[in-house]
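Student: Could you take me through one part of this protein in close detail? I would like to see how a single helix and a nearby loop are laid out.

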Amino acid sequence: MRHRVVSLFLRSRGGTAPGEIVPARSRTLRPGWKVRASRAALTWAVLASLPLAPAFGETAPPLLEEIILEGLRKTRETAVLQAIPLEQGDPVTARTLTDLEEILLDTGIFSEVTLTTRPAAGEPSPAPATPSGTGQADPARVDLVITLREKVTLVPIPFFATDGSAATGGLILLESNLLGLNKQLITVAIAGTEGFNGMVIYTDPSIAGSNWFGSFNTGLRETEEDHRLPDDTRIRDYTLKEQSLSGRLGYRFTRDIRAGAGLRLTNREISSFRGWAGAEVPEEGLFVVPSAFLDYDATRPRGVLRLGPKAGLRASLATGENHSGDIDDVGWETSARAELALPLVPSRGGRLRLLLSGGIGDMPLGEQQDISARDGYRTLPYQKTVADEWAGTAIFAEVPLINRSWGAFVVSHYWEAGTFDASGHSRQYFAGPGGGFRVYLREVAIPAMGFDVAANLIDPDVVFSFTIGAQM
């Protein structure tokens, strides 16, 4: 049912404020500067002696009476209302509506959110301001009508990735709105020239409607691991068989700040090892890895991209028992990442992104950080670089060339530089340019396609990657 909407917010492009008295233009001669100065001084003296009070006729923000949801097909109303930080009687301002639109888009289950207001039952239409005895207008009461367009949430996503030498393909079954409750369930089955990988992931962004969130995943894989230096020199390769089980629990303190802890159990077997120049052999056995994290994310959606700052801290320990029953030494690792995205070519929705990241630790080889194939480290051999210590910086320019109702085609250009170190080789450096594109579909929760090519100028090498159906 369609309702007549009354706009309660006007954005001023100049002119007078509500209730402001504007003197008529005078056609008489202007007084001399001394007279004008005297009048100005007298005016300021009178104003300074008056108590501060609202201007006559100024209206307070309207107060929320009821939230009305429209357009829901699968999503349950309770799941949407849990995400809305408004209660009956809260003031409804233009800023409130902007923040609420961003919050609903951030759930990942809506491609379009429209917010309108209308007078609440019993209010005149439009609701007038009634001056009270204090000179402050009595606030009107309004209903907030939220019209939502849901994304396609249950989709089989074909997956394909290649770096020119190896290829992997399979299927990702994504349910981003399980039972209409804004829970995520993902099953993955992929195989290729370097083995197979399967996993199941469950994520709950709001446990029982609270600020607590959590995730659980389990998986198994048998892959051919290949570790290389920036110039593509091979360090080691081996066959890895691994079964893992992990969980994470966290708390969202504010819209932008959250923290939590996790625990992962991994059983690892190594075979067919080949190493060069005294390369270290990865440890086998059962490993226990507790971890903690702190995230700050104040980015806001602007089309298919996001603008604003974000940062994160990670810390983890690792201990394990090898197949002989001996307890291995405890390993540790800490890492940090900070990013700032600023508007670039605002008319096209582009952004300029600055990135700093790094980490330090002393982990068993099988637990060392895989730093390649991610932003800031794309000039390194694709998915073939692990490190105990690493640091990198990058600058990105990203512009949507095509922006349509179905999605967007975004091109990017970047420069990056950094260093990393690990047991078995000396400190390595990398730097160079790169570029690529992403294709986003507005009705699906993840990018549909990505391409990257980057050149390392220190140890000349070109890295290529192409992916369909994966978060880039």
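Tutor: Here is a look at helix H3, followed by the residue Thr75. This is a predicted model, in which local features need pLDDT of at least 70, side-chain atom pairs count only at pLDDT 80 or more, and totals for chains, interfaces and linings use all residues. Residues are numbered from 1 along each chain as its sequence is written, and side-chain values use heavy atoms, with hydrogens and water left out.

Helix H3 covers residues 94–106, 13 in number; helices here are DSSP runs (H or I, at least four residues), strands likewise (E, at least two), numbered from the N terminus. From first C-alpha to last, H3 reaches 19 Å, close to the 18 Å expected at 1.5 Å a residue, where the expected span is 1.5 Å times one less than the number of residues. Its buried residues are Thr96, Leu97, Leu100, Glu102, Ile103 and Leu104; buried means under 20% relative accessible area (1.4 Å probe, protein chains only). Their cover includes helix H2 (77–83) and strands E2 (110–119), E5 (141–150) and E14 (300–302). After H3 comes Gly108, with a positive phi near 85°.

Now to the loop between strand E1 (63–70) and H2, where Thr75 lies. Thr75 is buried because its relative accessible area is 6%. Its side chain makes polar contacts (N or O atoms within 3.5 Å; within protein, one able to donate a hydrogen and the other to accept it, and sequence-adjacent residues counting only if both atoms are side-chain atoms) with the side chains of Glu150 at 2.6 Å and Asn177 at 2.7 Å. Beyond neighbours within four places in sequence, the contacts of Thr75 (heavy atoms within 4.5 Å) include Val80, Ile109, Phe110 and Gly180.

Note on methods:
Buried means under 20% relative accessible area, exposed over 50%, partly exposed in between (1.4 Å probe, protein chains only).
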